[in-house]
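Work through the exercises below with the sequence and the model side by side, and try each task before reading its solution.

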Amino acid sequence: MNFVPGNQQRYLRACMVCSIVQVQQRFIREGCPNCETFLGLQNHPDGVQQCTSQVFEGLITLADPSQSWVARWQRLDGYVPGVYAVKVVGQLPEETIQNIEDAGGRYVPRDGTVHDDDA
């Protein structure tokens, strides 16, 4: 995540799948750097609205997710360096969850409703 001026912070959104935080326009322009293959957010403002949330708590900055115990704890290892939310509130559409599973992934909500034992 690049520097975000104070007047742009209200446009921050977090991906409901990986929890990366970016401004809305960056999600529209570039998509999600971790989930683009199955979310397809690039150039789809409606998809950005459905698969990202303005409601999130806490921020974690990861320079090297593969070496970070925090990344492992938050299930972020394997993702790109960046700023991530600790908790993301929102619900993905069923169709999107099915797309994730069809791509061989497993969706784990980032809102704290699933415990580590279940993940």
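**Exercise 1.** Determine how many aromatic pairs there are, and classify each.

The rings of Phe, Tyr and Trp (its six-membered ring) pair if their centres lie within 6.5 Å, with planes under 30 degrees apart counting as stacked, over 60 as edge-to-face and the rest as tilted; by this rule there are two aromatic pairs. The rings of W69 and W73 are 6.4 Å apart centre to centre, with 40 degrees between the planes, and form a tilted pair. Because W69 and W73 are four residues apart in helix 4 (residues 69-73), about one helical turn separates them. The ring centres of Y79 and Y84 lie 6.3 Å apart with the planes at 15 degrees, so this pair is stacked. The model is predicted: local features need pLDDT of at least 70 and side-chain atom pairs count only at pLDDT 80 or more, while totals for chains, interfaces and linings use all residues. Residues are numbered from 1 along each chain as its sequence is written, and side-chain values use heavy atoms, leaving out hydrogens and water.

**Exercise 2.** Decide whether Y84 is buried or exposed, and do likewise for W69.

Buried means under 20% relative accessible area, exposed over 50%, and partly exposed in between (1.4 Å probe, protein chains only). Y84, at 0% relative accessibility, is therefore buried, its partner Y79 is partly exposed at 24%, and W69 is exposed at 61%. Of the 119 residues of the protein chain, 40% count as buried.

Conventions: Helices (H or I, at least four residues) and strands (E, at least two) are DSSP runs, numbered from the N terminus.
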